[in-house]
Amino acid sequence: MPLIVIAEDEFLIAQVLAIMLEDAGYEVASASHGKTALALVREKRPSLVITDFMMPLMTGLELAQAMRADGELAHIPIILVSGAQGSIGRAHPDVFDAVLDKPYSEKKLIQTVSRLLS
């Protein structure tokens with residue numbers, strides 16, 4: 001079962017996202033900010049990472065850049081899910097494999113995850 005790490009500082013959003021992914025057959029580990037997420041990624045080597053942009057301690061962009069700079073993590077697909085910062089994510093196609101604007105549909109999210117994992 002593929003493991004997905006979620007980096008999201010809003011607890012309810014993280015919980016809803018985790019439930020959607022678990023219902024679709026994925027294992028999920030959540031982190032409340034980018035620094036914890038990066039530690040989780042290093043420890044668990046997930047199949048995919050989904051990150052918010054605006055988070056305390058380390059933004060989603062900083063998390064993605066740190067992963068891309070690490071040869072052992074650089075291959076892991078990263079999806080940015082963001083309210084206002086989607087355009088910043090789209091300006092970094094070298095860092096993010098996909099950008100979804102909040103609110104996104106469950107169907108679109110699961111399709112994007114499935115496409116990146118296939």
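**Exercises around Asp-101**

Leaving out neighbours within four places in sequence, Asp-101 touches Ser-82, Gly-83, Gly-86 and Arg-90 (contact: heavy atoms within 4.5 Å). A quick note before you start: the model is predicted, with local features needing pLDDT of at least 70, side-chain atom pairs counting only at pLDDT 80 or more, and totals for chains, interfaces and linings using all residues. Residues are numbered from 1 along each chain as its sequence is written, and side-chain values use heavy atoms, without hydrogens and water.

**Exercise 1.** Work out which side chain makes a polar contact with the side chain of Asp-101.

*Solution.*
- Go to the side chain of Arg-90: the polar contact with Asp-101 is 2.6 Å.
- The cut-off is a pair of N or O atoms within 3.5 Å; within protein, one must be able to donate a hydrogen and the other to accept it, and residues adjacent in sequence count only if both atoms are side-chain atoms.

**Exercise 2.** Decide whether Asp-101 is buried, partly exposed or exposed.

*Solution.*
- Take the relative accessible area of Asp-101, 34%.
- Buried is under 20%, exposed over 50%, and partly exposed in between (1.4 Å probe, protein chains only).
- So Asp-101 is partly exposed.

**Exercise 3.** Place Asp-101 in the sheet.

*Solution.*
- Asp-101 sits in strand 5, residues 98–101 (strands are DSSP runs of E, at least two residues, numbered from the N terminus).
- The open sheet has 5 strands in the order 2-1-3-4-5, with parallel pairing (strands pair if DSSP finds at least two bridges between them).
- Strand 5 is an edge strand, as is strand 2 (27–31), and each pairs on one side only.
- Strand 4 (residues 78–82) runs parallel to strand 5, joined by 4 bridges.
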